[in-house]
Structures are given as C-alpha cells and as structure tokens.
Amino acid sequence: MALFSKANQESPKTPKAEIREALIKAFGKEGLVNLVNNNRFYLAQTEYEALTVASIEQEKKQGFSTIALPQDPTRILGFHDKVNHRTFLIADNLNPETACAVMLHEVGVHMSADSTLRAKTRKLIDTAVNLYETGLKTEDTLMKTVEKRLQESRISRSSFDYREEVCGYLVEEAAKAQARAPAVVRWFNDVKSTVNVWLVEHGVRDTSKLSALDLATIAKSNVKEISKMPQEYELSPKGREILAKHVQALSSKYSKLSDAEAEIKGLYKQFAELEQAGKPLPEVPKTKKTKEPER
C-alpha cells in the first residue's frame, strides 16, 4: 500500500539537485543523509523511476507489489510506501517550495503514523480532521484548498485513509502558505508555533488549540526524529524464501494477496525479530488432509 500526494498541475521538470538543496536547507544535511542511508527516503527524477523502484522493493520483500502506474492525469508529487516504510519524492513534479511541504506530508505524517511516533501522530491527525471539518463550515480558504487537493487525489470520507490524508494535505498546504508569507511574518509565526507545540507536548495546552501551522511544525519535528532512527532490519535471503512460502500459503485464506498485506507485514516483523535473536523461523504449517469417509 502507498499513500500519495497528488495535484492537477503542469510538470516543472525541476532537476533533482535543486530539490535536494531545498530539502537540505529545510531539514539539514545530516538529517537528509540519514534518511537516505537508512533507506527511509528516495528522491527520484521521474514518476516512472519512483514507482518502479518501490514496486521492485515490494516484490523483493513480500513476493508481490501493490504499486501500480497511475491511471489518471494527476501528477504524483510524492508517496509513502507502507510496505518498505520508505518515502519517495518526484523532482519532475516539484519546486523547492512544494518539495519541503510534500516532505512534511509524506514523512511528517504518513511515515510518522507508520513508526514509533504513531501515538503522537494519531493525535495530530485527530486535530487536523477537526480543524478541516470545522473550517469547511466557515468557508475557510485554506480548508477549501485542502478539500480541492483531496478531490484531485480521489479521497472521500469513505476512503480508508481519509483521516490521514486530511492531515497530510492540511500540513502540506499550511507549510506552503507559510513559505509564501513575508520573512518577518514567517519568523513570528515560527516562534509562536514552536511555543504552542511546546505547551501542548508538556501538557500545558490542549491539542484542540493547535492551528494548521502548529501541525506543520509538529510534522517537521517528526521528520527530524525519524531521520535519527536506525535502519530497519532486513530479512536474509533464506528468511525471505521462508516468508514467500508463508505468503503463498495465505492464498487459500484471502481472495487476493493485497488483502493479506497487514498479515504479511506482521510475519515480516516477526521473522526479522527471530533472525536478530538467532532463532529459527517457523515453517509453513502443513494443511490437514480430510479423511475419506469409509464406504
């Protein structure tokens, strides 16, 4: 499964080097290098490159891929691959301003919700949905923009990832609005937002009092925290071979393998922990043969 940031726009074809410099300026060189070295982040030039790399990695890890080439004209700005816990940004469809905002969307929200920061990010998501739905009732300009982005991405209230995507797009649009503000206003807003977030994290203020910009500040903090996390353990070739047999056995339980994604991720985590502890991996349980009735 992958969670996307999309937009109906022209492709500016920005060189990767320019996007990389913008990300370094926003998140620090050490942080970006750590994300790359720990296989948490990949900056691609084209949509095809990003989707191909993600698809190959999923095939390698679980025996099949849930990544598909887009069937609509909407540009993919970035996406988070939940199977490999890796975020992809696409330079062709970004500029320096939007790249940093999409990074907050994909790493600061989606990757954080898929990590040890899950509990903290869930509160962030709840606050974002409340801000969004309240703002729509008052015709808030920012929330109307978020609504448009959700529609472009074909995300509705009934979508499985609706709440998480509301938060992702709200953070993304709030960050873009902040980047367009005059320098002195940006400085004041940054200071105010940092104080607000500190008050919430120390129990002095309720999360319901956070603003859209405060959510972007938390997302940026999440990016920095994730950049310090160590690389996840990868299964050995033998471990992947055993996992593939378990995945094949699941075909009798699920109508299609993509439905088994959560169980496969659980097996991978279990097998990785067993390998790290030097313990043997379980073989696939043998199916019991039903006894033929005597005639």
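These legends go with a handful of close-up views of one predicted model.

Local features are kept at pLDDT of at least 70 and side-chain atom pairs at pLDDT 80 or more, while totals for chains, interfaces and linings use all residues. Residues are numbered from 1 along each chain as its sequence is written, and side-chain values use heavy atoms, with hydrogens and water left out.

**View 1. The open sheet has 4 strands in the order β1-β3-β4-β2.**
Pairing here is mixed, where a pair of strands needs at least two bridges found by DSSP. Strands are DSSP runs of E, at least two residues, and helices are runs of H or I, at least four, both numbered from the N terminus. At the edges sit β1 (2–7) and β2 (41–44), each paired on one side only. On average, neighbouring strands are turned by 15 degrees against each other, direction ignored. Axes are lines fitted to C-alpha atoms, for helices over the stretch in contact, and angles run from 0 to 180 degrees between N-to-C directions. Helix α6 (residues 141–152) lies across β1 and β3 (75–81), at about 115 degrees to β1; contact here means heavy atoms within 4.5 Å.

**View 2. Strand β4 (residues 86–90) runs parallel to β2 and antiparallel to β3.**
There are 4 bridges between β2 and β4; F41 sits opposite T87, and A44 has I90 as its bridge partner. Over on the β3 side there are also 4 bridges, with D81 facing R86. β3 and β4 make a hairpin with 4 residues between them, and H85 in the turn has a positive phi of about 55 degrees. How many of the residues of β4 are buried? It's 5 of 5, with buried meaning under 20% relative accessible area, exposed over 50% and partly exposed in between (1.4 Å probe, protein chains only). R86, F88 and I90 cover one face, T87 and L89 the other. In a regular strand, side chains alternate between the two faces of the sheet.

**View 3. R180 and E97 form a salt bridge between distant parts of the chain.**
A salt bridge is a side-chain nitrogen of Lys or Arg within 4 Å of a carboxyl oxygen of Asp or Glu, and the whole structure has 17 of them. This one spans 3.5 Å, N to O. R180 belongs to helix α7 (residues 162–180) and E97 to helix α4 (residues 96–113), 83 residues apart. R180 is exposed at 52% relative accessible area, while E97 is partly exposed at 31%.

**View 4. E173 and R149 pair up in a salt bridge at 2.5 Å, N to O.**
E173 is in helix α7 and R149 in helix α6, so the contact ties together parts 24 residues apart in sequence. Both residues are buried.

**View 5. K269 and E273 form a salt bridge inside helix α11 (residues 261–276).**
Their closest N and O atoms are 3.3 Å apart. The two residues are 4 apart in sequence, so about one helical turn separates them. K269 is exposed, at 54% relative accessible area, and E273 is partly exposed, at 44%.

**View 6. W187, F188, V191 and V195 make a nonpolar surface patch.**
Together they have about 420 Å² of accessible area, from the Shrake-Rupley method with a 1.4 Å probe, where for residues only the protein chains shown count as cover. Patch members have over 30% relative accessible area and no salt bridge; like charges are joined within 9 Å, and nonpolar side chains (Val, Leu, Ile, Met, Phe, Trp, Tyr) within 5 Å. W187 lies in helix α8 (residues 183–201) and is exposed at 57%.
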